[in-house]
Amino acid sequence: MTAPSGSMMTTGAPPYFAARIALVFCAPMMVNGIALPFFPIWLETLSMNDSQIGIVLALPMFVRVFTAPVAGTIADRLGERSIVLLWSGVLSLLTALLFFGIKGFWPVLLLYTLQCAVYSPYVPITDAIALSGVRRWNIDYSRMRLWGSLAFIVATMIGGWLAGIYGGAMVLPAMAAAFSLTVLGAFIVPKIGRPRRPSPIAAMATMPAASTLRQRDVQFMLIGVSLVNASHAMLYAFSVIYWRNAGFSGTDIGILWSAGVLAEVILFVFAIRLKRRFDPWSMMIFGSAVAVGRWLVFPLDMPFAGYFALQCLHAFTFGILHVSVQSKLVERVAEEQEAAAQGLYFFYTGMFMAVATFISGYAFNWYGVDGFYLMSVIAAAGLACVIAGRLVAPPAGAQPHRAASGG
């Protein structure tokens, strides 16, 4: 396998780098596997309506979109990004424990906002460390990331089983247990420090390393893919509530969530082959188009098998997009700006997701499952931005300094 464009090949990778990063990815994905599907169920046990649930889920997203880029910039300046990872895990666990002593809309809103703020840097910084391994030692990103997706499946299946037995009461203990794993992950993450020499991208560009993140194609790409990510907002916030009302059991719901992530894992396994046959822009356009269709079909009255098939499309509406974006960031952005790039990606996704989640609370309250048509419109806007990014991107094989001068 040839080195990805813009990678920095060195010898002496930390022992078991790929295995350790894979384990670190598992920790936040365990958190997400409980929180994304089942936290809204716990909010329902507090007698919150759909609009209040939408606000509780959306407002923290507005806050964390600012904290993640700031933490990414701090991590880049510190050099050792694992320091920020440790603080994120410890503070997140503390907020999870505080949830046991509160109830009511305003206390929950404030504490959940704080939790999202301190937890927000964890995944972007893990991605940044992983991509440093891609650049320096040509390690396969998708093979590390797929273990996080497998952990998500395990968490959702366990969560579905526990929800069937204990209902919403299982959510807080399960989240606290998952957050404890993020602290452990921060201790085992490889300590790689600063780049040993300037990134080849920055060295060949006619602009500072920081400016490689401001290139037009990079910005269009991040905005477009983030909009497609945000189109999943109603699925994350209200699909479990909708499926429960439709008569599906907790186990059924766990299977539906796991199906999407298992399809994503399969895509990660074959990601290298896909990247050899298709360029990242083509994969991003395809995934965005599938997202438009997915939300157009979702409101149709379907049996379990129909929703299972739709959930499998997550391999394209998220998995293929995520792999393509990370490949492009390695190719187009200097390593010195890696954590900042992940923070900006998180900023765009979080901002658009927050707006979409806030709107989805009212849309689901007013229109029910037909609100998913609005998610299709959001995905279409993302598709348009991705196409615009491809149009302004430099030709394949162009030197970085040419791309920089056009941005």
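Q: What makes a pair of side chains a salt bridge?
A: A side-chain nitrogen of Lys or Arg must lie within 4 Å of a carboxyl oxygen of Asp or Glu. The model here is predicted, and it holds 5 salt bridges.

Q: Why are D217 and R332 called a salt bridge?
A: The closest N and O atoms of D217 and R332 are 3.0 Å apart. The cut-off is 4 Å, so the pair counts. The two residues sit in distant parts of the chain, 115 residues apart. D217 belongs to helix α9 (residues 216-230), and R332 to helix α15 (residues 314-332).

Q: How do you know whether D217 and R332 are buried or exposed?
A: Buried means under 20% relative accessible area. D217 has 4%, so D217 is buried. R332 has 7%, so R332 is buried too.

Q: What makes K328 and E331 a salt bridge?
A: Their closest N and O atoms are 3.2 Å apart. That value is within 4 Å, so the name fits.

Q: Why are K328 and E331 about one helical turn apart?
A: They are 3 residues apart in helix α15, which means a separation of about one helical turn. An α-helix has 3.6 residues a turn, so residues three or four places apart point the same way.

Q: Why is K328 called buried, but E331 partly exposed?
A: K328 has 9% relative accessibility, which is under 20%, so K328 is buried. E331 has 28%. Partly exposed lies between the 20% and 50% limits, so E331 takes that label.

Q: Which residues does the side chain of D140 pair with?
A: D140 lies in the loop between α5 (122-137) and α6 (141-166). D140 forms a salt bridge with R143, with the closest N and O atoms 3.9 Å apart. This is within 4 Å, so the pair counts. A polar contact of 2.9 Å also joins the side chains of D140 and S142. The cut-off there is 3.5 Å, so this contact counts as well.

Q: How do you know whether D140 and R143 are buried, partly exposed or exposed?
A: D140 has 16% relative accessibility; that is under 20%, so D140 is buried. R143 has 42%, between the limits, so R143 is partly exposed.

Q: How does the span of helix α2 (residues 50-78) fit its number of residues?
A: Helix α2 has 29 residues and reaches 42 Å from its first C-alpha to its last. The expected span at 1.5 Å a residue is 42 Å, and the helix comes close to it. Even so, α2 bends by about 30° at V63.

Q: What is found at the two ends of α2?
A: At the start, a side-chain oxygen of N49 comes within 3.1 Å of the backbone nitrogen of S51. After the helix comes G79, with a positive phi near 90°.

Q: What makes the phi of Y16 and S47 worth a look?
A: Most residues other than glycine have a negative phi. Y16 is not a glycine, yet its phi is positive, about 55°. S47 is not a glycine either, and its phi is about 65°. Y16 is in the segment before α1, while S47 lies in the loop between α1 and α2.

Q: Why are Y16 and S47 called exposed?
A: Exposed means over 50%. Y16 has 69% relative accessibility, so the label fits. S47 has 65%, so S47 is exposed as well.

Key:
Residues are numbered from 1 along each chain as its sequence is written. This is a predicted model: local features need pLDDT of at least 70, side-chain atom pairs count only at pLDDT 80 or more; totals for chains, interfaces and linings use all residues. Side-chain values use heavy atoms; hydrogens and water are left out. Helices (H or I, at least four residues) and strands (E, at least two) are DSSP runs, numbered from the N terminus. A polar contact is a pair of N or O atoms within 3.5 Å; within protein, one must be able to donate a hydrogen and the other to accept it, and residues adjacent in sequence count only if both atoms are side-chain atoms. The expected span of a helix is 1.5 Å times one less than its number of residues. The bend at a residue is the angle between axes fitted to the seven residues ending there and the seven starting there. Buried means under 20% relative accessible area, exposed over 50%, partly exposed in between (1.4 Å probe, protein chains only).
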